[in-house]
Amino acid sequence: MGSNDASSIVNPIHPSIVDKLDPVFAEIYNRYQAPQLRADQVPYEVYNRDREKYTFPTAKVSGESPDVASNKIYKVPVSNPLGEIDVQVYVPTPDAIASSGLERDGLLPALVNFHGGGFVIGGLESDESLCRKLCQRVGCIIVNVAYRLAPEYPHPIPTTDSWEALKWTFKNADDLKIDPTRVGVSGLSAGACIAAVLALLARDDPSLPRLAVQLLIVPVVDARFIPKEGSCDPAKTPYKSYIDFEFAPMLPLNRLIWFYNLWLGTDEGRAERANDFRASPILADSHANLAPAVIRCAEIDPLVSEGAAYHEKLTAAGTPSKLKIYKGQGHPFGHWDGVNPTSKEFVDDCVNELKAAFAKK
């Protein structure tokens with residue numbers, strides 16, 4: 001990978017961040033993101049007319065995606081408001097199933113996954129590479145959910161859609177060859193917020209089996225302190241990373257502002273929506289008796305303090321939680337495993353944690 005000519009750079013790494021980034025992450029950023037505008041740097045209407053123009057080319061850095069036995073897309077009805085969403089079910093190959101040793105009575109564990117994108121962007125393709133790798137390397141079924149997005153479908157619709165997708169997974173477990181006692185949830189960023197909320201909802205729904213694991217990757221867990229504009233006030237935010245990494249690559253504070261304004265709105269009801277535990281799972285009445293958590297954070301990320309705080313909240317309530325922060329990495333590093341050794345380490349870690357979680361029951 002070679003660096004771009006300085007004249008082509010529109011988003012250089014901020015001086016406050018340069019010395020903190022892993023050199024490999026910085027090189028990838030400089031090659032693929034520095035020369036182009038991000039979605040949050042244009043009005044939503046401009047982004048929406050040509051989404052590809054403002055989308056990071058993840059496929060160029062995510063490495064080879066393995067073949068799976070099948071990856072059928074299902075249409076799942078949702079009710080708030082009425083509609084349907086796409087859910088893609090990845091099934092591992094017979095060889096992967098045999099090598100994993102996780103099949104029991106013809107049934108496999110399943111991970112229900114929710115993509116990132118600030119509740120505004122993304123879709124089934126966002127996590128495709130990671131879904132395929134986890135499917136084959138863990139030997140589990142992956143249920144990848146394309147919930148509806150803001151601003152057309154603002155909070156709480158992404159989460160209510162996702163809750164219905166999780167219940168659909170349990171309802172159709174027999175047909176999908178899923179072991180309902182070994183179902184976990186996962187997500188990246190906004191998707192991790194959804195996964196955390198669903199872990200809370202599932203605990204409180206006596207009709208559902210206990211979840212096996214919640215894998216929270218660079219999670220959003222507290223929506224109260226991102227401003228509608230400008231910088232964060234250090235005296236009013238409990239999250240130091242909002243201040244330290246305001247100009248982080250890929251997910252600077254301005255991008256969070258853009259997402260949250262579209263997701264939660266800018267009207268007088270914003271604070272009430274942000275205080276809803278479905279937007280801020282850290283505010284739930286109780287964090288006891290939840291599925292064991294695996295929390296994975298990037299060090300150079302405005303959200304890293306949130307991830308650490310949620311880990312502390314869970315452990316204080318007696319819920320098992322494992323926290324790992326990847327040094328020198330920015331927010332989306334987990335998708336860059338084709339060219340970034342730390343990203344490969346992250347994928348390996350996820351595989352090992354999921355294998356262990358699904359082998360317990």
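# A tour of pockets, cavity and rings

Start with helix α9, which gives the lining of the largest pocket its largest share, 4 residues. Keep in mind throughout that this is a predicted model.

**Stop 1: the largest pocket**

Select residues 253-264 to bring up α9, then add 128-139 for α4. Each of these two helices supplies at least two residues of the lining of the largest pocket. The space inside comes to about 920 Å³. In total, 36 residues line this pocket. To find its centre, select Thr55, Phe56, Thr58, Ile121 and Ser126, the lining residues closest to that point. Now colour the lining by class. You should get 15 nonpolar, 14 polar and 7 charged residues.

**Stop 2: the second largest pocket**

Move on to the second largest pocket, with a volume of about 200 Å³. Its lining has 13 residues. Select Ala212, Pro292, Lys322, Ala357 and Lys360, which lie nearest the centre of this pocket. Then show strands β7 (293-298) and β8 (321-326) together with helix α12 (341-359). These are the elements that give two or more residues to the lining of the second largest pocket. Which of them gives the most? That is α12, with 3 residues. By class, the lining of this second pocket splits into 8 nonpolar, 1 polar and 4 charged residues.

**Stop 3: Glu353 and Lys322**

Stay on α12 and pick Glu353, which lies in this helix. Is Glu353 buried or exposed? Its relative accessibility is 18%. Buried means under 20%, so Glu353 counts as buried. Now show the side chain of Lys322 as well. A polar contact of 3.2 Å joins it to the side chain of Glu353. Lys322 is already familiar from the previous stop, as one of the residues nearest the centre of the second largest pocket.

**Stop 4: the cavity**

Next, look for enclosed space. How many cavities of 30 Å³ or more does a search of the whole structure find? The search finds 1. The largest cavity has a volume of about 40 Å³. Select its lining: Leu111, Asn113, Asp127, Leu130, Cys131, Leu134, Ile142, Ser186, Leu215 and Ile217. The elements that give two or more residues here are β3 (108-114), α4 and β6 (214-217). Helix α4 supplies the largest share, 3 residues. You met α4 at the first stop, where it supplies at least two residues of the lining of the largest pocket. By class, the cavity lining has 7 nonpolar, 2 polar and 1 charged residues.

**Stop 5: the aromatic rings**

Finish with the rings. The structure holds 16 aromatic pairs. Zoom in on Tyr239 and Tyr242, whose ring centres are 5.4 Å apart. Why is this pair called tilted? The planes of the two rings meet at 50°. Planes under 30 degrees apart count as stacked and those over 60 as edge-to-face, so this pair is tilted. Both tyrosines, Tyr239 and Tyr242, are buried.

Then select Tyr44, Tyr47, Tyr54, Trp258 and Phe259, which form one aromatic cluster.

Last, select Arg148 and Tyr153. The charged end of Arg148 sits over the ring of Tyr153. Its distance from the ring centre is 4.8 Å.

Technical notes: Residues are numbered from 1 along each chain as its sequence is written. This is a predicted model: local features need pLDDT of at least 70, side-chain atom pairs count only at pLDDT 80 or more; totals for chains, interfaces and linings use all residues. Side-chain values use heavy atoms; hydrogens and water are left out. Rings of Phe, Tyr and Trp (its six-membered ring) pair if their centres lie within 6.5 Å; planes under 30 degrees apart count as stacked, over 60 as edge-to-face and the rest as tilted. Buried means under 20% relative accessible area, exposed over 50%, partly exposed in between (1.4 Å probe, protein chains only). A charge sits over a ring if NZ of Lys or CZ of Arg is within 6 Å of the ring centre and within 35 degrees of the ring normal. On a 1 Å grid over the protein atoms alone, a cavity is a set of points where a 1.4 Å probe fits but cannot get out, and a pocket is an open set with protein on both sides within 12 Å along at least five of seven lines; lining residues have an atom within 4 Å of a point. Grid points are joined across faces, edges and corners, and a volume is the space filled by probe spheres set on the points. Ala, Val, Leu, Ile, Met, Phe, Trp, Tyr, Cys and Pro count as nonpolar, Asp, Glu, Lys and Arg as charged, and the others, Gly among them, as polar. A polar contact is a pair of N or O atoms within 3.5 Å; within protein, one must be able to donate a hydrogen and the other to accept it, and residues adjacent in sequence count only if both atoms are side-chain atoms.
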